Amino acid sequence: MADKVVLAYSGGLDTTAIIPWLKETYGYDVICCCVNVGQESELEGLDERAKYSGAEKLYIEDVVDELCDEYIMPTVKANAVYENKYLLGTSFARPLIAKKLVEVARKEGAVAICHGATGKGNDQLRFELSIKALAPDIKVIATWRQPEWTMQSREDEIAFCKAHGIDLPFDASHSYSRDRNIWHISHEGLELENPACAPNYDDLLVLSVTPQNAPDESEDVELDFEAGIPVALNGKRMKVSDIIRELNRLGGKHGIGIIDIVENRVVGMKSRGVYETPGGTILMEAHTQLEELCLDRETLAYKKLVATRFADLVYEGKWFCPLRESLSAFVDKTQETVTGKVKMKLYKGNIIRQGTTSPYSLYSESLASFTTGDLYDHKDASGFINLFGLSMKVRAMMKQNLDENKK
């Protein structure tokens, strides 16, 4: 009986070519595992395609709600954004996919897990670091780094498939490299590989329209949060995954959340991509607005430092490391009072504030008003300013004395 390998399977060209390659190169029985993180139509016909390509079995694991509740929400609560732009859509999905690959490997008694991530990208780290953290005894096969893997292009993979009797409708030159889940869709390749070229949005966009093509009428959105988690949209209580789906529809309709970024990959190179995150952009903005109202100055400032480190860890594939888990524990503590209602207006790519309320609001109208109230006397500021600026004053006096002694 042949040893088994579990393949992270999407049904795309790379993973289709990998099935016969694994059988031919290592003599493995290939168990395909497709993890449903919200790819929508991309899941259609996978069972037939996997078996047609030589797989022994296909698992389709539906983890959409787990992704939303256990990976997306900790990231939203942390306000974690990589390099101030990227909302980490691919990054936090990979560790969950790896977790499911490990579970299937244990169930099947597989000796190895295989992925088709390239040696140039971030996904190889995200898959492999997660597998190391969860199953250090299972071998990992990264096809693009194996000496036996001789295919270097999509054309090579198409030719390999045809030589093995697999004739599938893949085009080598007219498709972007995309990754989609319930949170976002990313686009790389073609004209995007040259930063001097404008994106061809007519062919590119999947979830959204451009702001120019968005409706001329604005649309109001209202989100309710409890302890940092969205619980209702426009007055209707929903689970997180349904809120994200509806926000994707609304945000996509109004051209929200399209970014064109040149990011720094972990492996050292820069890459250019376009991301569509319509619902996530609205959700992150609403959460940020509510925190401004509910968190004190010191906590909010420190939390921004945590957000940057949290984003770096997730981007680097270290979801299961102790530091990320510890940062999440800190974040969860800060969210105890992040409860309230956020109103926004969507209009041609913009999210316009319409008011925020919370029973835990730290905003005091009597304090903030220009009218003197009982809690604040303008004269109190004099002593505060003298003490707050004392070190600056002492330094200036020292410099004055030095200048006078030079005369």
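**Helix packing and annotated sites in a predicted model**

Helix α8 (residues 240-253) and helix α9 (residues 278-294) pack with their axes 6 Å apart and at an angle of about 105°, where axes are lines fitted to C-alpha atoms, for helices over the stretch in contact, and angles run from 0 to 180 degrees between N-to-C directions. This angle makes α8 roughly perpendicular to α9, given that angles of 65 to 115 degrees count as roughly perpendicular, those under 35 as roughly parallel, those over 145 as roughly antiparallel and the rest as oblique. The residues that meet are I244, L247, N248, G251 and G252 in α8 and P278, G279, G280, I282 and L283 in α9, contact being defined as heavy atoms within 4.5 Å. By class, the residues of this contact divide into five nonpolar, five polar and no charged; in this scheme Ala, Val, Leu, Ile, Met, Phe, Trp, Tyr, Cys and Pro count as nonpolar, Asp, Glu, Lys and Arg as charged, and the others, Gly among them, as polar.

The structure is a predicted model, in which local features need pLDDT of at least 70 and side-chain atom pairs count only at pLDDT 80 or more, while totals for chains, interfaces and linings use all residues. Residues are numbered from 1 along each chain as its sequence is written, and side-chain values use heavy atoms, with hydrogens and water left out.

The secondary structure of the protein chain comes to 14 helices and 14 strands, these being DSSP runs numbered from the N terminus (helices H or I, at least four residues; strands E, at least two). Taken along the principal axes, the C-alpha atoms fill a box of roughly 85 × 60 × 45 Å. Of the 407 residues of the chain, 46% count as buried, a term that means under 20% relative accessible area, with exposed meaning over 50% and partly exposed lying in between (1.4 Å probe, protein chains only). Among the contacts in the chain with a separation of 6 or more, 74% are accounted for by residues 24 or more positions apart.

A second helix pair is formed by α3 (residues 64-78) and α10 (residues 297-315), whose axes come within 9 Å and cross at roughly 140°. The crossing makes α3 oblique to α10. Here P74, T75, K77 and A78 in α3 meet K303, A307 and F310 in α10, and the residues of the contact divide into four nonpolar, one polar and two charged. T75 counts as buried, at 2% relative accessibility, and, leaving aside neighbours within four places in sequence, T75 is in contact with A80, L88, F92, M284, F310 and W319.

In an unreviewed entry, UniProt gives the annotation "binding site" to A8, Y9, S10, G11, G12, L13, D14, T15, T16 and G116; UniProt positions are given in the numbering used here, feature names are shortened, and annotations may be inferred rather than shown by experiment. These residues span 109 residues in sequence, yet no two of their C-alpha atoms are more than 12.7 Å apart, so they gather at one spot. Y9 is found in the loop between β1 (4-8) and α1 (13-26) and is buried at 3% relative accessibility. Beyond four places in sequence, the residues touched by Y9 include T15, T16, C32, C33 and R49. G116, placed in the loop between β4 and α5, is likewise buried, at 15% relative accessibility, and its contacts outside the neighbours within four places in sequence are with D14, I18, T143 and W144.

The unreviewed entry in UniProt also lists Y86, S91, N122, R126, S177, S186, E263 and Y275 for "binding site". N122 is found in the loop between β4 (112-115) and α5 (123-134) and counts as buried at 7% relative accessibility. Not counting residues up to four places away in sequence, N122 touches E263, R265, V266, V267 and Y315. S186, in strand β7 (residues 185-188), is buried with a relative accessible area of 9%; with the same sequence exclusion, S186 touches T90, S177, R178, D179, V274 and Y275.

Elsewhere in the chain, E222 is placed in strand β8 (residues 219-226). The C-alpha atoms of E222 and T356 are separated by 9.6 Å, although these residues are 134 residues apart along the chain.
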